[in-house]
Amino acid sequence: MKQAVPVHILSGFLGSGKTTLLTQALDYYKQSGKKPAVLMNELGDVNLDGMLVEEGVPMTEMLSGCICCTIRGDLGLELRELIQENTPDVIFVECTGAANPMEMLDGVTDASLLTELELKSVITVVDAAQLLEQHRKGVGKTYRLMQEQIRCATHLVLNKTDLIAPADLGELERVIREWNAVAPITATIRCHIDLTLFDRLEGETGDNVSLSSSKGLNSSCTHEHSHDESCTDPSHLHEHEGEGHLNGKEAGVTHHSHDHVMVYTHYFKGPIDSEQFEALVGRLPSNVYRAKGILRFSDTSSPFMFQYAYREMDFVKITPKEELPNVAVFIGEHFSKQELALELETLEQAAGEQKD
Ligand SMILES: Nc1nc2c(ncn2[C@@H]2O[C@H](COP(=O)(O)OP(=O)(O)OP(=O)(O)O)[C@@H](O)[C@H]2O)c(=O)[nH]1
């Protein structure tokens, strides 16, 4: 029998550091002479994180939806194709930060019916500062989603510890332990973990992890419903819309609207002024908690990859090898897309007038 391809799910709320961990893991595998592949899922219709993945790493993109709901049925087919075409030694599935890990887990294990793959871990990256704030508030859909992501993890990376006071670490560990008593927790800055963890995980023998046995996975990971039960968790807002085909078998299809998470994608018609853009981002309301983009500025020569997570901005100069869009994606809850669009258009106009 062919060896099953190990699969690691990278989970964690929007902007917590999943891609930061992924790029390190990919480098590690490549340095060890192995061939990693990536399946990346983004809520927006452009994959900006994918641009951070080096050329030569096979990557499948599932855009404009969340693996755990609308495109879950495709996951098995995509994984199978990735394996057939590239014969990777390992696959990382990076999910949108809005994804419910239990559903993703379900999706990957469904896929193992189609293709020889073996789920090895669910690594949840937690934004320390955000968890602290959410916990102190103690309510909200974001908080509940973070809770689920922590519950379902086999390993926890408590990231962005540079943004919290050292004294708060103890409080965070206590909070996490209430939800997940067993997964090892590693406190990090920029997701610097001992990457030999992956060798240990893959060296472990065991049958495919399946939801029914939950072998190798954290047994405290529970979810209020299976696909054919109705959901009692108000954070999910599911609309159970009947039956569908999955992997050749009948499966209950669950559509989550994730309607508390909104995405606005703005394609720029031309370069904009960098300072004005920074000022605009600085004014974003707190319910816009994540943004990213590829931007061309009228006052700089090279394009920039822009990142914004939890009120922190980051601009990295990039040298694209191919034509890239001039685009920014904004993710948040109940914000006005129209207002944001108008502000961005005003920036474009101002830059256009400066040029004339
Ligand atoms: N201050 C600080 N920033 C970090 C740390 N780790 C990552 N970042 C920054 O946080 C931003 C988001 O990181 P990503 O790795 O893209 O997060 P993600 O979870 O993949 O984001 P989504 O794809 O939107 O879900 C980037 O600007 C990173 O450079 C950290 O430990 N401390």
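**Figure 1. Arg190 and Cys191 in the loop between β7 and α7.** In this predicted model, Arg190 is placed in the loop that runs between β7 and α7 (197-203). Cys191 belongs to the loop between β7 and α7 as well. Most residues other than glycine have a negative phi. Arg190, by contrast, has a phi near 50°, a positive value in a residue that is not glycine. Cys191 is likewise not a glycine, and its phi is positive at about 55°. Are these residues buried or exposed? Arg190 counts as exposed because it has 12 C-beta neighbours inside 10 Å, and a residue is exposed with 12 or fewer. Cys191 has 24 other C-beta atoms within 10 Å and is therefore buried, the threshold being 20 or more.

**Figure 2. The open sheet of seven strands.** The strands follow the order β3-β2-β4-β1-β5-β6-β7, and their pairing is parallel. β3 (59-62) and β7 (185-187) stand at the edges; each has a single partner strand, so one side of each is left without a neighbour in the sheet. On average, neighbouring strands of this sheet are turned by 20° against each other, with direction ignored. Strands of a sheet pair through backbone hydrogen bonds.

**Figure 3. Strand β2 between β3 and β4.** In the order of the sheet, β2 stands between β3 and β4. Parallel pairing joins β2 to β4 over five bridges, and β2 to β3 over four bridges. Pro36 has Val90 of β4 as its bridge partner, while Val38 is matched with Phe92 of β4. Towards β3, the bridge partner of Asn41 is Met62. Which residues of β2 point one way, and which the other? Pro36, Val38 and Met40 point one way, whereas Ala37, Leu39 and Asn41 point the other way, and all are buried. Six of the six residues of β2 are buried, so this strand is largely enclosed by the rest of the structure.

**Figure 4. Strand β4 and its pairing with β1.** β4 (90-94) is mostly covered, with five of its five residues buried. Val90, Phe92 and Glu94 point one way from the strand, and Ile91 and Val93 point the other way; all are buried. A charged side chain, that of Glu94, is thus listed with Val90 and Phe92 on one side of β4. β1 and β4 pair in the parallel sense over four bridges. Within this pairing, Val7 stands opposite Ile91 of β4.

**Figure 5. Strands β5 and β6 with helices α1 and α5.** Strand β5 (residues 117-127) pairs with strand β6 (residues 155-159) in the parallel sense over five bridges. One of the matched positions is Val125, whose bridge partner in β6 is Val157. Which strands does each helix lie across? Helix α1 (residues 18-31) lies across β1 (5-12), β2 (36-41), β4, β5 and β6, and runs at about 170° to β4. Helix α5 (residues 141-151) lies across β1, β5 and β6, running at about 140° to β5. β1, β5 and β6 are thus named for both helices.

**Figure 6. The shell around the ligand.** How many residues surround the ligand? There are 22 of them, and the closest are Lys18, Thr19, Thr20, Gly97 and Gln307. At least two residues of the shell come from each of α1, β12 (304-309) and β13 (312-317). Helix α1 gives the most, with three residues. By class, the shell has five nonpolar, nine polar and eight charged residues. Both domain 1 (5-256) and domain 2 (262-355) contribute, each with at least three residues.

**Figure 7. The protein as the setting of the close-up views.** The protein has nine helices and 14 strands. Of its 356 residues, 41% count as buried. Among contacts between residues at least 6 apart in sequence, 75% join residues at least 24 apart. The buried residues include those of β2 and β4, as well as Cys191 in the loop between β7 and α7.

Technical notes
Residues numbered from 1 in each chain as written. Predicted model: local features only at pLDDT ≥ 70, side-chain atom pairs only at ≥ 80, totals over all residues. Pairing = 2+ DSSP bridges. Axes fitted to C-alpha atoms, helices over the stretch in contact; angles between N-to-C directions. Contact = placed C-beta atoms within 7 Å. Near = placed C-beta within 6 Å. Domains from an automatic or database assignment.
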